[in-house]
Amino acid sequence: MFRKLFGIFAATILLTFQFVVGSACAVQLDPATRTVTLNESGETTVVSLKQLKEGKRLFNNTCSQCHPGGITKTNQNIGLEPETLALATPNRNNIEGLVDYLKNPTTYDGEEEISELHPSTKSADIFTEMRNLTDDDLEAIAGYILVQPKVDPIRWGGGKIYY
């Protein structure tokens, strides 16, 4: 009997803790945090909570194998943090730039097309995880990539982790 009551008590405490922590995390995702650059002209947009949730799900299912935590496994010098994305040609630190890249990927300097090496909707026959992604899905992924450095600036993109 005591074990059962203790188990119920422990479960209640854990669920309450998750609820409180989840609520605290939601507060961090205010509109200012979710505001990202839309295009190279500097226009901005606010990523909705629904888009952000979907973007996270899609990123984890299609991108995180090679980009866990916003790093790039195949080239540790090029991560998904805004500073690195801004230096790419064409510029990729905005929604439209990332969506274009996910449709037609090019090398970091923009000189060569690499759709046979990097997943894209153009190469969906090779990279099957890209087959069913719509433009809305690509925008959600891009939004997630651009918001994530604001949510976890220390670790996103290969930042140093201090313990």
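His-67 is buried in this predicted model, with a relative accessible area of 13%. This histidine lies in the loop between helix H2 (49–62) and helix H3 (82–87). It also belongs to a group of residues that carries a "binding site" annotation in an unreviewed UniProt entry.

**The annotated site**
- According to the unreviewed UniProt entry, the "binding site" annotation covers Cys-63, Cys-66, His-67 and His-118.
- These residues are spread over 56 residues of sequence, yet they cluster in space, with a largest C-alpha distance of 11.6 Å.
- Cys-63, Cys-66, His-67 and His-118 are included in the lining of the largest pocket.

**The two histidines**
- Leaving aside neighbours within four places in sequence, His-67 is in contact with Phe-59, Thr-72, Leu-80 and His-118.
- His-118 lies in the loop between helix H4 (95–103) and helix H5 (135–151).
- With a relative accessible area of 18%, His-118 counts as buried because its value falls under the 20% limit.
- The contacts of His-118, again without neighbours within four places in sequence, are His-67, Tyr-101, Pro-105, Ser-123 and Phe-127.

**Helix H4**
- Tyr-101, one of the contacts of His-118, is among the buried residues of H4.
- The other buried residues of this helix are Ile-95, Gly-97, Leu-98, Val-99 and Leu-102.
- The buried residues of H4 pack against strand E1 (35–37), strand E2 (44–46), H3 and H5.
- At the start of H4, the backbone nitrogen of Glu-96 has a side-chain oxygen of Asn-94 within 3.3 Å.

Notes
Residues numbered from 1 in each chain as written. Predicted model: local features only at pLDDT ≥ 70, side-chain atom pairs only at ≥ 80, totals over all residues. Heavy atoms only, no water. UniProt positions renumbered as here; feature names shortened; annotations may be inferred. 1 Å grid on protein atoms, 1.4 Å probe; cavity = no way out; pocket = protein on both sides within 12 Å on 5 of 7 lines; lining within 4 Å. Helix = DSSP H or I, 4+ residues; strand = E, 2+ residues; numbered from the N terminus. Buried < 20%, exposed > 50% of the residue type's maximum accessible area, 1.4 Å probe, protein only. Contact = heavy atoms within 4.5 Å. Polar contact = N/O pair within 3.5 Å; in protein donor to acceptor, adjacent residues only side chain to side chain.
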